[in-house]
Amino acid sequence: MGCLTFEMLDGANSQLYIYINQIQALKNILNAPYRYQNRLLDTVAERHLISVKMLTYLYEGEFSNEQMWNLVEDYFLGRVPEKVMRDCKKERPEMRIQDYGSD
């Protein structure tokens with residue numbers, strides 16, 4: 001049926017754009033795959049890293065039950081402890097910390 005490409009824009013109201021027979025975009029990716037960037041995939045990977053670092057922080061920290069629940073509540077409200085964000089930045093220096101609600 002030919003070529004089909006798509007682009008998905010993330011955000012509160014994700015959007016999916018479908019481009020039919022856009023051969024040049026496919027050629028550009030094939031000729032320079034190192035330039036290809038998928039923002040949605042990058043965002044998912046960053047959020048996963050934050051989740052892993054947050055769980056490590058919680059399990060390895062010696063927090064009281066109340067402190068633990070306050071940290072979990074803050075996390076789900078978008079506030080990530082500064083130490084967690086520093087640990088993420090060590091692993092992925094390109095992460096923009098200001099994009100996430102660190103304390």
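This passage describes the fold, the helix packing and the salt bridges of a predicted model.

The chain is made up of four helices and two strands, and from the N terminus on these elements follow the order β-β-α-α-α-α. Of its 103 residues, 18% count as buried. Among the contacts in the chain with a separation of 6 or more, 39% are accounted for by residues 24 or more positions apart. Confidence in the prediction averages a pLDDT of 83 over the chain, with 73% of the residues scoring at least 70. The mean pLDDT varies between the elements, from the lowest value of 63 in strand 1 (residues 4–9) to the highest value of 95 in helix 3. Where pLDDT is low, the predicted coordinates should not be read in detail.

The packing of helix 2 against helix 3 (residues 65–76) was examined in terms of geometry and composition. The two helices pack at an angle of about 170°, and their axes lie 11 Å apart. Because angles over 145 degrees count as roughly antiparallel, helix 2 is described as roughly antiparallel to helix 3. On the side of helix 2 the contact is made by I50, S51, M54, Y57 and L58, whereas helix 3 contributes M68, L71, V72 and Y75. By character, the residues of this contact divide into eight nonpolar and one polar, with no charged residue among them.

Within this arrangement, Y75, which is found in helix 3, can be followed individually. When its neighbours within four places in sequence are left aside, Y75 is in contact with I50, S51 and M54, and also with V80. Y75 and I50 are 25 residues apart in sequence, and their C-alpha atoms are 10.0 Å apart in space.

A further pairing of residues separated along the chain involves M95, whose place is in the segment after helix 4. With a relative accessible area of 1%, M95 is buried, because the cut-off for burial is under 20%. The C-alpha atoms of M95 and E46 are separated by 7.5 Å, although these residues are 49 residues apart along the chain.

Side chains of opposite charge can pair when their charged atoms come close. The structure holds five salt bridges, among them one between K53 and E91, in which the closest N and O atoms are 3.0 Å apart. This pair links distant parts of the chain, since K53 belongs to helix 2 (residues 39–60) and E91 to helix 4 (residues 82–91), with their positions 38 residues apart in sequence. Another salt bridge is formed by D74 with R79, the closest N and O atoms being 2.9 Å apart. R79 is partly exposed, with a relative accessible area of 36%.

Helix 4 also contains a salt bridge between D87 and K90, which both lie in this helix, three residues apart, or about one turn. The N to O distance between the side chains of D87 and K90 is 4.0 Å. K90 has a relative accessible area of 66% and is therefore classed as exposed, the cut-off being over 50%. The pairing of D87 with K90 does not stand alone, as K83, D87 and K90 are linked in a network of salt bridges.

How values were computed:
Residues are numbered from 1 along each chain as its sequence is written. This is a predicted model: local features need pLDDT of at least 70, side-chain atom pairs count only at pLDDT 80 or more; totals for chains, interfaces and linings use all residues. Side-chain values use heavy atoms; hydrogens and water are left out. Buried means under 20% relative accessible area, exposed over 50%, partly exposed in between (1.4 Å probe, protein chains only). Axes are lines fitted to C-alpha atoms, for helices over the stretch in contact, and angles run from 0 to 180 degrees between N-to-C directions. Angles under 35 degrees count as roughly parallel, over 145 as roughly antiparallel, 65 to 115 as roughly perpendicular and the rest as oblique. Contact means heavy atoms within 4.5 Å. Ala, Val, Leu, Ile, Met, Phe, Trp, Tyr, Cys and Pro count as nonpolar, Asp, Glu, Lys and Arg as charged, and the others, Gly among them, as polar. pLDDT is the predictor's confidence in each residue, from 0 to 100.
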